[in-house]
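Biologist: I have a protein model open in front of me and would love a close look at one part of it. Could you walk me through that part and then show me how the rest is arranged?

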Amino acid sequence: MYVQWLRETDIRNVCIATEVYKYQKYMNMDKKQDNIILIGMPGAGKSTVGVVLAKMLGYRFLDSDLVIQEETGKLLCEILSEEGLDGFLAVENRINAAVTASRTVIATGGSVVYGEEAMEHLRSIGTVVYLKISYRDLTTRLGDLTNRGVALKPQQTLLELYDERVPLYEKYADITVEEIGEPVEQTARWIIEAKKYRDRRKNNA
């Protein structure tokens, strides 16, 4: 059983590796916008998809929530507890507005879209991809919201948070990819294909 798992994993990694050249050959990215920024609700799979996408493209991977924790020396839930929602959003906005990266897939926290400076900066350094997930699927993926460091207002429900954020994700997204239960690798491929299509349209405009 253990050997079989290793073989399946190795085969999967080889398949990803063989696609790297194929996708890099056709990406044709603007050097000033060679990053891909993933936005979306907590639990949408930004970090999971981001790692696979980075492997396919030969890119680096950056999780902005981990950058926040590293720079503050605190967990997200600790920042929320100590600073309150407004304080947390200010910290998140400040740190994301200062991110520097090249050839990187950046997975952001779900609340990054509340920071106008952060979003304008991220849009200036790459293509923003909204990983869209239905509310029904979201409820099955999320566990303890407090431990995840989800930025909720007092007494705010998950549905209210979802309805509040979706228009912001749509506002800032260059590309929207809807997750419908496909494997992570397929979602990553959709992002790459959508990016290629968008680049071609921009080049032909």
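Does Arg103 count as buried, partly exposed or exposed, and at what relative accessibility?

Modeller: Happy to take you there, with the reminder that this is a predicted model. Arg103 counts as partly exposed, because its relative accessibility is 37%, and buried would require a value under 20% while exposed would require one over 50%. This residue sits in the loop between helix 4 and strand 3. Its backbone deserves a glance too: phi of Arg103 is near 50°, which is a positive value in a residue other than glycine.

There is another residue to set beside it. Gln155 is not a glycine either, yet it has a positive phi of about 70°. You will find Gln155 in the loop between helix 7 (145-148) and helix 8. With a relative accessibility of 79%, Gln155 counts as exposed.

Now let us step out from the loop of Arg103 to the elements around it. The protein has nine helices and five strands, and from the N terminus on they run α-β-α-β-α-α-β-α-β-α-α-α-β-α. Of its 205 residues, 46% count as buried. Among the contacts with a separation of 6 or more, 77% are accounted for by residues 24 or more positions apart.

Strand 3, on one side of our loop, belongs to an open sheet of five strands with the order 2-3-1-4-5 and parallel pairing. Its edges are strand 2 (60-63) and strand 5 (175-178), each of which pairs on one side only. On average, neighbouring strands here are turned by 25° against each other, direction ignored.

Further along the order, strand 1 (residues 35-39) and strand 4 (residues 126-132) pair in the parallel sense over five bridges, and Ile37 stands opposite Val128 in strand 4. Two helices can be placed against the sheet from here. Helix 2 (residues 46-57) packs on it and touches strand 1, strand 2, strand 3 (104-107) and strand 4, with a direction at about 165° to that of strand 2. Helix 8 (residues 158-172) also packs on the sheet, touching strand 1 and strand 4, and its direction makes about 145° with that of strand 4.

At the edge, strand 4 and strand 5 pair in the parallel sense over four bridges, and Tyr130 stands opposite Thr176 in strand 5. In a regular strand, side chains alternate between the two faces of the sheet. Strand 5 has Ile175 and Val177 on a covered face, while Thr176 and Glu178 are on an uncovered one.

Helix 4, on the other side of the loop of Arg103, brings us to the helix packing. Two packed helices are described by the angle between their axes and the distance between the axes. The axes of helix 3 (residues 64-72) and helix 4 come within 11 Å and cross at roughly 110°. That angle makes helix 3 roughly perpendicular to helix 4, and the crossing is right-handed. From helix 3, the contact is made by Ser64, Asp65, Val67, Ile68, Gln69, Glu71 and Thr72, and from helix 4 by Leu76, Ile79, Val91, Glu92, Ile95 and Asn96.

Helix 4 (76-96) and strand 3 also come together over helix 5: what covers the buried residues of helix 5 includes these two elements, along with strand 1, strand 4 and helix 8. The buried residues of helix 5 (residues 116-125) are Ala118, Met119, His121, Leu122 and Ile125. They lie on the same side of helix 5 because they cover an arc of only 160° around the axis. Glu116 and Glu117 are exposed on the other side of helix 5.

One more helix pair completes the tour. Helix 2 packs with helix 9 (residues 184-204) at an angle of about 60°, and their axes are 9 Å apart. The two helices are therefore oblique to each other, with a right-handed crossing. Helix 2 contributes Thr48, Val49, Val52, Leu53, Met56 and Leu57 to this contact, while helix 9 contributes Val184, Glu185, Thr187, Ala188, Arg189, Ile191 and Ile192.

So, to return to your residue: Arg103 is partly exposed at 37% relative accessibility, in the loop between helix 4 and strand 3.

Terms used:
Residues are numbered from 1 along each chain as its sequence is written. This is a predicted model: local features need pLDDT of at least 70, side-chain atom pairs count only at pLDDT 80 or more; totals for chains, interfaces and linings use all residues. Side-chain values use heavy atoms; hydrogens and water are left out. Two strands pair if DSSP finds at least two bridges between them. Axes are lines fitted to C-alpha atoms, for helices over the stretch in contact, and angles run from 0 to 180 degrees between N-to-C directions. Contact means heavy atoms within 4.5 Å. Buried means under 20% relative accessible area, exposed over 50%, partly exposed in between (1.4 Å probe, protein chains only). The arc is that of the directions from the helix axis to the C-beta atoms. Angles under 35 degrees count as roughly parallel, over 145 as roughly antiparallel, 65 to 115 as roughly perpendicular and the rest as oblique. A crossing is left-handed if the near helix is turned anticlockwise from the far one by less than a right angle, and right-handed if clockwise.
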